[in-house]
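Please load the model in your viewer and keep the selection panel open, since this tour moves from one selection to the next.

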Amino acid sequence: MSRREIREHLFRMLFHKEFYKEEELDEQIGLYFDNLEKTPAKEQISEVTDRFRAVLEKIPEIDEMVDSVSKGWRLNRMGKVDLTILRIAIYEMKYDDEIPVGVAINEAVELAKKYGEDHSRSFVNGILAKLADKE
């Protein structure tokens, strides 16, 4: 499974967070993988699930970062797709030493093109650029 595929699975799983209680997420993850047309290998499921948990753990910190640079946009007003993409990208930018910042931003923009609305790619790119400039 490529990094892009892992990121896309992660996006879909994290999106569930917006609609289910924390204690229901393990069940939702299981259902997610059960309903895939082609079930990934156990190692791949474990890799995506571990990454999911790592991002979940950092969401409070990540959300603070988003809030600090998103002038006029509070988290509860942001689209859930955009917020989920931002959370993944910021995790990669700040906590994953294997992924360069530029790659994290580019991949987030690609996810926004695929899953977001017309303005999503520029919104995601703008927030991430502001955070990258802060470093």
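A residue is called buried when its relative accessible area is under 20%, and exposed when that area is over 50%, with partly exposed in between. Please keep in mind throughout that the model is a predicted one.

**First stop: Gln28**

Select Gln28, which you will find in helix α2, the helix that runs over residues 25-34. Is Gln28 buried or exposed? Its relative accessibility is 12%, and because the cut-off for buried is under 20%, Gln28 counts as buried. If you now show its surroundings and leave aside the neighbours within four places in sequence, the residues in contact with Gln28 are His16 and Tyr20. A distance drawn from the C-alpha of Gln28 to the C-alpha of His16 should read 7.5 Å, for two residues that are 12 apart in sequence.

**Second stop: the largest pocket**

Next, select Met1, Arg4, Glu5, Glu8, His9, Arg12, Leu36, Lys38, Thr39, Pro40 and Gln44, which together line the largest pocket. The space in this pocket comes to about 240 Å³. Which helix gives the largest share of the lining? That share, five residues, comes from helix α1, residues 3-16. Colouring the lining by class will show five charged residues, together with three polar and three nonpolar ones.

**Third stop: Asp67 and its partner**

Keep Pro40 from the pocket lining on display and add Asp67, whose place is in helix α3. Between the C-alpha atoms of Asp67 and Pro40 the distance is 35 Å, while the separation in sequence is 27 residues. Asp67 is partly exposed, its relative accessible area being 33%. Once residues up to four places away in sequence are set aside, Asp67 touches Trp73 and Arg74. With Arg74 there is also a polar contact, made from side chain to side chain at 2.6 Å.

**Fourth stop: the loop between α3 and α4**

Now move to Ser70, which sits in the loop between α3 (42-69) and α4 (80-95). Ser70 has a relative accessible area of 3%, so it is buried. Its side chain reaches the backbone oxygen of Val66 at 2.9 Å. Beyond the neighbours within four places in sequence, Ser70 is in contact with Met78 and Ile127.

Extend the selection to Lys71, which is found in the loop between α3 and α4. Is Lys71 buried or exposed? Lys71 has a relative accessible area of 70% and is therefore exposed, whereas Ser70 is buried. From Lys71 to Ala89, which is 18 residues away along the chain, the C-alpha atoms are separated by 19 Å.

Asn76 is another residue to pick in the loop between α3 and α4. At 69% relative accessibility, Asn76 counts as exposed. Its C-alpha atom is separated by 18 Å from that of Lys58, a residue 18 places away along the chain.

**Last stop: the aromatic rings**

Finally, show the aromatic side chains: how many aromatic pairs does a search of the whole structure find? Such a search finds five. In one of them, Tyr91 with Tyr95, the ring centres are 5.7 Å apart and the planes stand at 35°, so the pair is tilted. Both residues lie in helix α4, four residues apart, which is about one turn of the helix. Their accessibilities fall into separate classes, since Tyr91 is buried with a relative accessible area of 11%, while Tyr95 is partly exposed with 26%. To end the tour, select Phe11, Phe15, Phe19 and Tyr115, which form one aromatic cluster.

Notes. Residues are numbered from 1 along each chain as its sequence is written. This is a predicted model: local features need pLDDT of at least 70, side-chain atom pairs count only at pLDDT 80 or more; totals for chains, interfaces and linings use all residues. Side-chain values use heavy atoms; hydrogens and water are left out. Helices (H or I, at least four residues) and strands (E, at least two) are DSSP runs, numbered from the N terminus. Buried means under 20% relative accessible area, exposed over 50%, partly exposed in between (1.4 Å probe, protein chains only). A polar contact is a pair of N or O atoms within 3.5 Å; within protein, one must be able to donate a hydrogen and the other to accept it, and residues adjacent in sequence count only if both atoms are side-chain atoms. Contact means heavy atoms within 4.5 Å. Rings of Phe, Tyr and Trp (its six-membered ring) pair if their centres lie within 6.5 Å; planes under 30 degrees apart count as stacked, over 60 as edge-to-face and the rest as tilted. On a 1 Å grid over the protein atoms alone, a cavity is a set of points where a 1.4 Å probe fits but cannot get out, and a pocket is an open set with protein on both sides within 12 Å along at least five of seven lines; lining residues have an atom within 4 Å of a point. Grid points are joined across faces, edges and corners, and a volume is the space filled by probe spheres set on the points. Ala, Val, Leu, Ile, Met, Phe, Trp, Tyr, Cys and Pro count as nonpolar, Asp, Glu, Lys and Arg as charged, and the others, Gly among them, as polar.
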